[in-house]
Amino acid sequence: MRASTLLRRTLGVTGLVVEDFAFAEAGLIVRVRPRWSVPRCGECGFRASGYDRAAPRRWRHLGIGRLRIWLEYAPRRVECAKCGVKTEKVPWAAHRSRFTWDFEELVAYLAQVTDQTKVTELLGISWRSVGEIVSRVVARRMDPKRLDGLKRIGIDEFGYRRRHHYLTTVVDHDRRRVVWAAPGRSAETLGRFFAELGLERTRSIETITIDMAGGYMKAIEELAPEAKVVFDRFHVQRLASDAMDEVRRSEARDLDATAGQAIKHSRYALLKRPWNLERREKEKLSVLQKTNASLYRAYLLKETLAEALDYRQPGHASRAVQDWLGWASRSKLKPFVKAARTIRKHFDGIVAYFQERLTNGIVEGFNNKLRMIARRAFGFHSPKPLIALLHLCCGGIQLDPPLPSPTET
């Protein structure tokens with residue numbers, strides 16, 4: 001077998017001709033050229049007339065062990081009727097990339113399963129090159145129809161840096177994947193999503209799950225008024241938990257040392273559901289019931305709202321929440337009076353949960369994964385590479401890395 005044929009089969013790249021090879025300090029340099037004779041525009045891919053020839057360039061390819069392999073070629077520049085003077089298209093790499101298709105696919109696969117610094121160590125490329133490769137792979141692999149057929153979506157924010165740097169993420173409940181993300185967390189940010197979605201696809205959205213952030217609600221009311229809004233039940237339940245904790249802190253501040261001793265170390269016992277309590281925590285609640293009526297009433301209010309949200313029948317659940325609102329408003333506990341006003345303001349969206357039984361849990365789950373991705377990459381100076389990694393890991397992108405085929409032993 002000829003050496004050029006062996007090298008061509010080893011490279012695994014179709015559409016090229018191996019002309020020569022040489023060993024150098026950088027590794028194995030394989031001189032190649034496209035199989036087609038008429039050059040093609042690197043931007044649009046159409047045939048175009050030659051303009052001139054650039055200096056030889058090298059593209060990093062998959063190595064063999066510790067041996068790095070480079071493809072070398074002096075590309076022609078073409079005069080395209082549509083794009084102007086551009087560098088010609090090559091069959092082994094993307095336009096303006098110095099890495100081959102297979103190499104970029106492997107980088108993206110490793111970025112899915114390990115941290116970005118480890119990818120640089122394994123493949124010997126820079127941290128920035130990993131981010132640029134991931135962005136290119138995502139642009140190629142991301143489903144262009146991911147915004148089609150959306151019926152039920154979840155919207156949430158994610159803080160990726162200090163000093164109020166946020167992303168808005170949109171998740172498809174049915175396909176369980178992230179379909180859109182952008183920097184910011186305002187009504188204007190969400191408005192860009194609906195603008196990209198278009199009027200027809202926006203009208204097809206039936207249900208939107210969100211927390212009670214005012215900015216998102218404003219955009220939904222203006223741009224997707226026909227969609228049913230469902231407020232996440234765990235954010236509603238958290239209102240009561242936070243109100244109860246505020247009552248606990250207030251009681252601890254106002255009581256003397258002797259009376260405050262019963263409140264000490266009671267926080268987690270008050271926050272837990274009854275069936276999760278340990279023996280010592282049950283004893284702590286029993287003491288609170290006898291010594292601090294206000295705090296125990298706050299505990300009962302918290303538990304009663306949680307029980308109301310557990311109802312399966314919408315009618316019973318709606319009446320239970322209305323009864324709770326009346327009790328909380330008359331409780332003489334300022335944090336619960338405030339929480340009742342908030343729940344009454346968003347009552348329709350809270351009741352919608354009993355009909356749809358949807359929460360923002362899947363969105364929160366993706367946010368936790370995004371938090372892990374951000375830590376794995378050891379921080380980002382801009383949201384663009386983070387959004388690319390989010391789509392790569394949570395957007396349903398299927399990669400085809402050049403891995404060995406599994407064999408039986």
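# Notebook: sheets, buried residues and charged pairs

**Entry 1. The five-stranded sheet.** I began with an open sheet of five strands, ordered E10-E9-E8-E11-E12, with mixed pairing. The model is predicted. I looked for the edges next. They are E10 and strand E12 (228–231), and each pairs on one side only. From one strand to the next, the twist averages 25 degrees.

I then followed one pairing. Strand E11 (residues 207–210) runs parallel to E12, and four bridges join the pair. I picked out Thr209, which stands opposite Val230 in E12. What packs on the sheet? I found helix H5 (residues 187–197) there. H5 touches strand E8 (152–161), E9, E10 and E11. The direction of H5 makes about 125 degrees with that of E10.

**Entry 2. Asp172.** I stayed with this sheet and went to strand E9 (residues 165–172), where I found Asp172. Is Asp172 buried or exposed? Its relative accessibility is 1%, so I noted Asp172 as buried. The cut-off for buried is under 20%. The side chain of Asp172 has a polar contact of 2.5 Å with the side chain of Arg175. I also listed the residues that Asp172 touches, leaving out those up to four places away in sequence. They are Leu150, Arg152, Arg177, Val179 and Ile362.

**Entry 3. His173.** I moved on to His173, in the loop between E9 and strand E10 (177–183). His173 has a relative accessible area of 8%, so it counts as buried. Which side chain makes a polar contact with the side chain of His173? It is that of Thr209, at 2.9 Å. Thr209 is the residue I had seen opposite Val230 in E12.

I wrote down the wider contacts too, again without residues up to four places away in sequence. His173 touches Arg152, Ile153, Gly154, Thr209, Leu358, Thr359 and Ile362. Arg152 and Ile362 were also on my list for Asp172.

**Entry 4. The three-stranded sheet.** I looked up another open sheet, made of three strands in the order E3-E6-E7, with antiparallel pairing. Strand E3 (49–53) and strand E7 (84–87) stand at the edges. Why is one side of each left without a neighbour in the sheet? Each has a single partner strand, so its other side has no neighbour there. The twist in this sheet averages 35 degrees from one strand to the next.

I checked how E3 meets strand E6 (residues 76–80). They run antiparallel, and four bridges join them. I noted one bridge by residue: Asp52 has Arg77 in E6 as its partner.

**Entry 5. Salt bridges.** I turned to charged side chains. Side chains of opposite charge can pair when their charged atoms come close. How many salt bridges does the structure hold? I recorded 27.

I opened one between the side chains of Arg76 and Glu88, at 3.1 Å from N to O. Arg76 lies in strand E6, while Glu88 is in the loop between E7 and helix H2 (101–113), so the pair ties together parts twelve residues apart in sequence. Both Arg76 and Glu88 are buried.

Next I took Asp242 and Arg238. Their closest N and O atoms are 3.6 Å apart in a salt bridge. The two are four residues apart in helix H8 (residues 233–254), so about one helical turn separates them. Asp242 is partly exposed at 43% relative accessibility. Arg238 is exposed, at 52%.

Then I looked at helix H11 (residues 279–291), where Glu283 and Arg279 are four residues apart, or about one helical turn. Their salt bridge has its closest N and O atoms 2.9 Å apart. Glu283 is partly exposed at 42% relative accessibility, and Arg279 is exposed at 60%.

I also noted a network. Salt bridges link Arg233, Arg273, Lys302, Glu303 and Asp310.

**Entry 6. Leu305.** I ended in helix H12 (residues 293–309), which holds Leu305. The relative accessibility of Leu305 is 1%, so Leu305 counts as buried. Which residues is Leu305 in contact with, leaving aside its neighbours within four places in sequence? I found Val236, Ala240, Trp324 and Ile343. Last, I checked a distance: the C-alpha atoms of Leu305 and Asp400 are separated by 49 Å. These two residues are 95 residues apart along the chain.

Note on methods:
Residues numbered from 1 in each chain as written. Predicted model: local features only at pLDDT ≥ 70, side-chain atom pairs only at ≥ 80, totals over all residues. Heavy atoms only, no water. Buried < 20%, exposed > 50% of the residue type's maximum accessible area, 1.4 Å probe, protein only. Contact = heavy atoms within 4.5 Å. Polar contact = N/O pair within 3.5 Å; in protein donor to acceptor, adjacent residues only side chain to side chain. Pairing = 2+ DSSP bridges. Axes fitted to C-alpha atoms, helices over the stretch in contact; angles between N-to-C directions. Salt bridge = Lys/Arg side-chain N within 4 Å of Asp/Glu carboxyl O.
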